[in-house]
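Please open the structure in your viewer and keep the selection tool at hand. The tour below proceeds stop by stop, stating what to select and what is found there.

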Amino acid sequence: MFVDTAKVFVQAGRGGDGAVSFRHEIYIDMGGPDGGDGGKGGDVVFVASENVNTLLDFRYKPELKGEPGSAGTKRDRHGKMGATKYVKVPMGTIVRRDGEIIADLTEDGQEVVVAKGGDGGFGNAHFKSSVRQAPRIAEKGELGDTFEAELELKLLADVGLVGFPNAGKSTFLSVVTNAQPEIADYAFTTLSPNLGVADVDDGSLLIADIPGLIEGASEGKGLGDAFLRHVERTAVILHLIDAYDNDVAKSYTIIRKELEAYSTSLITRPEVVALTKTEGLDDDIIQMQMDLLKTVAGDTPMFAISSPAHTGLKEVLRELRRKVEAVRIAEKEENKDIDEGMAVITLNKDQEMLAWKIKKRQSGEGLVYEVRGHKIEKFARRTDFESHEGLNRLRDIMKKMGITHALNRAGADGASIIRIGLDEFPLVEQAD
Ligand SMILES: Nc1nc2c(ncn2[C@@H]2O[C@H](COP(=O)(O)OP(=O)(O)OP(=O)(O)O)[C@@H](O)[C@H]2O)c(=O)[nH]1
Ligand SMILES: [Mg+2]
């Protein structure tokens, strides 16, 4: 079974307790306090990995725990930090806490701390004062973040393969990519999505093969339309149609209707059509089928292919790549994507304090990147904008909080104007 949702219990490590201890020295009865601090508990960190394709594993190990920090010891020795628990998840995994999205892992290697380890407690060495020479107190370590995380996977492929069962989707994937999906001469061979990477000239395409669709899929017929969620986030659709189909125009229209019923965004998605299994057919038959398809698909790029004979494959891949690239460029230029996916979330009890968001705004002077968030706004309020050092310190904090990185990803360069609260300044210090 393909698992694309899962619930997991995450628990970051508890911080180690601080120690109560007093120096023992020869000739001194009782020295000063020297209890060390407890170590910080280990975080739980999710890492997006292109080597993981499902959430299946989470069904079997539903608890993800960071290691607790060790307690402090005498002679001011601090406890060891708990080891971070790194958890690999597929690219395209969305993590929710109480229904709210707290992480959206889209790029290979991307890391998000989903649960923060508790801080270690102070040892009694911290609590010495003139009136309290021999403090017997030490702090307990804090608890780590603990909650139930809801995971959802939406595959993030460049190309989604759609078509009737038996159209040859999995066969195509098996020939143009490294994937080895099941292939058979009956409907609904594919029961869960397959992913593969195709090399195209000097680049590559991540292709998702999903189960076949039939008329009424949007109402649950066949395997239904549940798997279309994986096509939702693909840049381009490759629609495969069996060349032996009696009415290719009708088949094309039926699938398009099902796409539309699922989401209107799918019907406007860039599309390429491929007539499959053409190796044994006369050219004029192929032409006839292509002409028929044109009556309904219009100017959509169309190819006759054969996976076993390897004909037309390169041409299809090149066309797909061209379209994918056009989509990626358009995405970069579009401002509207900024709001989604750009909020970086840090999860601990100060969650609200640390969270921030970027918004692109058109102001009188031009484009402004507005950064909002409790902590960063607080820092900005305390910043002396007249002072180079002051402003650069704010820029350092932005870097540490990951804001600068996100601004760059959102298209900001050094000269871009950043607004925090009422203040505006260039992202990078500009020469006068
Ligand atoms: N002759 C010929 N047969 C093909 C070609 N492509 C696929 N087939 C055959 O068509 C049948 C179905 O292929 P699949 O790749 O499993 O079809 P699918 O679209 O993935 O089907 P579902 O998983 O059921 O949706 C298999 O018997 C394949 O060998 C082709 O280009 N030429
Ligand atoms: Mg298949």
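**The domains**

The centres of domain 1 and domain 2, taken over C-alpha atoms, are separated by 47 Å. Please bear in mind that this is a predicted model. To see the division, colour residues 5–153 as domain 1, residues 159–333 as domain 2 and residues 352–426 as domain 3.

**The nonpolar cores**

Next, select Val-114, Leu-151, Val-159, Leu-161, Leu-238, Ala-274 and Leu-320. Within the largest nonpolar core, which has 73 residues, these touch the most other members. Where does this core lie with respect to domain 1 and domain 2? Both domains contribute residues to this core, so it lies between them. A second core, separate from the largest one, has 15 residues, and Tyr-369, Ala-380, Met-401 and Leu-407 are among them.

**Strand E9 and its partners**

Now select residues 159–162, which form strand E9. Which residues of E9 point one way, and which the other? Val-159 and Leu-161 share one direction, Gly-160 and Val-162 take the other, and all are buried.

Add residues 203–209, strand E11, to the selection; E9 and E11 pair in the parallel sense over three bridges. Here Val-159 has Ile-207 of E11 as its bridge partner. Then add strand E12, residues 236–242, which runs parallel to E9 and is joined to E9 by four bridges. In E12, His-239 is the bridge partner of Val-162.

Remain with Leu-161 and display its contacts. Leaving aside residues up to four places away in sequence, Leu-161 touches Lys-169, Phe-172, Leu-173, Ile-207, Ala-208, Asp-209, Ile-210, Leu-238 and Leu-240.

**The surroundings of ligand 1**

Select ligand 1 and the 23 residues that surround it. The closest are Gly-168, Ser-170, Thr-171, Thr-190 and Gly-212. Which helix gives the most to this shell? Helix H2, residues 169–176, does so, with three residues. Colouring the shell by class will show eight nonpolar, eleven polar and four charged residues.

**The hairpin of E17 and E18**

For the last stop, select strand E17 (residues 417–420) together with strand E18 (residues 423–426). These two strands pair in the antiparallel sense, over four bridges. One bridge to examine is that of Arg-419, whose partner in E18 is Glu-424. Finally, centre the view on the two residues between the strands of this hairpin, where Gly-421 takes a positive phi near 60°.

Methods:
Residues numbered from 1 in each chain as written. Chains lettered and ligands numbered in written order. Predicted model: local features only at pLDDT ≥ 70, side-chain atom pairs only at ≥ 80, totals over all residues. Near = placed C-beta within 6 Å. Nonpolar A, V, L, I, M, F, W, Y, C, P; charged D, E, K, R; others polar. Core = buried A, V, L, I, M, F, W, Y, C linked by C-beta atoms within 7 Å. Buried ≥ 20, exposed ≤ 12 C-beta atoms within 10 Å, placed from the backbone. Domains from an automatic or database assignment. Contact = placed C-beta atoms within 7 Å. Pairing = 2+ DSSP bridges.
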